[in-house]
Amino acid sequence: VTGYKEAVLAAMLEPNAGGRSIRVAKVSGEQVTWGPEVSEGRDESLAVDLATSGDHAVLVWDDVSKDGKRTMVMLESFDPQTMKSDGSSRPISSTKNDAEVPRLVSRPGGYWLAYLAIGEAKKPKDEDHGLGGEAIQPRWIEVVPLDEKGAPVGLPRAVTPTDGHALAFDIEASED
């Protein structure tokens, strides 16, 4: 949920024939206005976030590519006054690595988008001896500034070590 003027915007997951969809609603007093509905696919993640900046709103979620080989952060921008989409859903995370668990926060002139970037798995040391083990993938947090319509205005920047193992995080704007 996020605020917009005198209303509240809410994004919710719903099952459908193709997996799940994300529906956005604006609640103002007793009135509910439905807005964008996007396909979320069949990935296991339930990550979704929503924020407003100026006269625009942005919805982000993670999804799996059509070929099933990559996870990415998707974005849909819309006008919270009319609840009409500004365009179509599009990938917004870096194409260099898998990405998941998006978080948004408003900033003057747009948003900060943060997400977990996932690197290549390291082979377990005992793999040659047949002992098996789970491959450990480096996971770090990347942040990218977006304008009010959700377009990147800078490159993604790693804000934690790229050889680390970030599992969860949240983001909040500060004075500086």
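Q: How much space lies in the largest pocket?
A: About 210 Å³. This is a predicted model, so that volume is computed from predicted atoms.

Q: Which residues line the largest pocket?
A: The lining is made up of Val105, Ser106, Arg107, Pro108, Trp112, Ile171, Glu172, Ala173, Ser174, Glu175 and Asp176.

Q: And which strand gives the most to that lining?
A: Strand E10 does, with 3 residues. E10 covers residues 98–107.

Q: Where does E10 sit in its sheet?
A: E10 is an edge strand, pairing on one side only. The sheet is open and has 4 strands in the order E10-E11-E12-E13, with antiparallel pairing. The other edge is strand E13, residues 157–158.

Q: How many bridges join E11 and E12?
A: There are 9, and the pairing is antiparallel. One position to look at is Tyr115, which stands opposite Glu142 in E12.

Q: OK, stepping back. How many helices and strands does the protein have?
A: It has 0 helices and 13 strands. Read from the N terminus, every element in the run is therefore a β element.

Q: What does the protein span along its principal axes?
A: The C-alpha trace spans about 65 × 45 × 25 Å. The protein has 176 residues, and 42% of them count as buried.

Q: How many residues are in the largest nonpolar core?
A: That core has 15 residues. Those with the most contacts inside it are Val60, Val73, Leu104, Leu113, Tyr115 and Leu146.

Q: Which elements give two or more residues to this core?
A: They are strands E6 (56–64), E7 (71–79), E10 (98–107), E11 (110–118) and E12. E11 gives the most, with 4 residues.

Q: What about a second core, which residues does it include?
A: The second core is separate and has 13 residues, among them Ile22, Leu50, Met74 and Phe78. In soluble globular proteins, nonpolar side chains tend to be buried together.

Q: Phe78, then. Is it buried or exposed?
A: Phe78 is buried, because its relative accessible area is 0% and the cut-off for buried is under 20%. Its place is in strand E7.

Q: What does Phe78 touch?
A: Not counting residues up to four places away in sequence, Phe78 touches Leu9, Val24, Pro36, Leu50, His56, Ala57, Val58, Leu59, Met83, Lys84, Ser85 and Asp86. Gly35 is 43 residues from Phe78 along the chain, and their C-alpha atoms are separated by 8.4 Å.

Q: What share of contacts join residues at least 24 apart?
A: The figure is 45%, taken among contacts between residues at least 6 apart in sequence.

Q: Now the start of the chain. Why does Thr2 count as buried?
A: Its relative accessibility is 18%, and buried means under 20%, so Thr2 falls on the buried side of the cut-off. Thr2 is in strand E1, residues 2–4. Leaving aside neighbours within four places in sequence, Thr2 is in contact with Ala7, Val8, Leu9, Leu50, Ala51 and Thr52.

Q: And Gln31, buried or exposed?
A: Gln31 counts as exposed, because its relative accessibility is 52% and the cut-off is over 50%. Gln31 is in strand E4. C-alpha to C-alpha, Gln31 and Ala7 are 9.6 Å apart, with their positions 24 residues apart in sequence.

Q: Where is confidence lowest and where is it highest?
A: Strand E4 has the lowest mean, at 90, and strand E12 (residues 139–147) the highest, at 96. The protein averages a pLDDT of 88, and 91% of the residues score at least 70.

Terms used:
Residues are numbered from 1 along each chain as its sequence is written. This is a predicted model: local features need pLDDT of at least 70, side-chain atom pairs count only at pLDDT 80 or more; totals for chains, interfaces and linings use all residues. Side-chain values use heavy atoms; hydrogens and water are left out. pLDDT is the predictor's confidence in each residue, from 0 to 100. A nonpolar core is a set of buried Ala, Val, Leu, Ile, Met, Phe, Trp, Tyr and Cys residues joined through side-chain atoms within 4.5 Å. Buried means under 20% relative accessible area, exposed over 50%, partly exposed in between (1.4 Å probe, protein chains only). Contact means heavy atoms within 4.5 Å. Two strands pair if DSSP finds at least two bridges between them. On a 1 Å grid over the protein atoms alone, a cavity is a set of points where a 1.4 Å probe fits but cannot get out, and a pocket is an open set with protein on both sides within 12 Å along at least five of seven lines; lining residues have an atom within 4 Å of a point.
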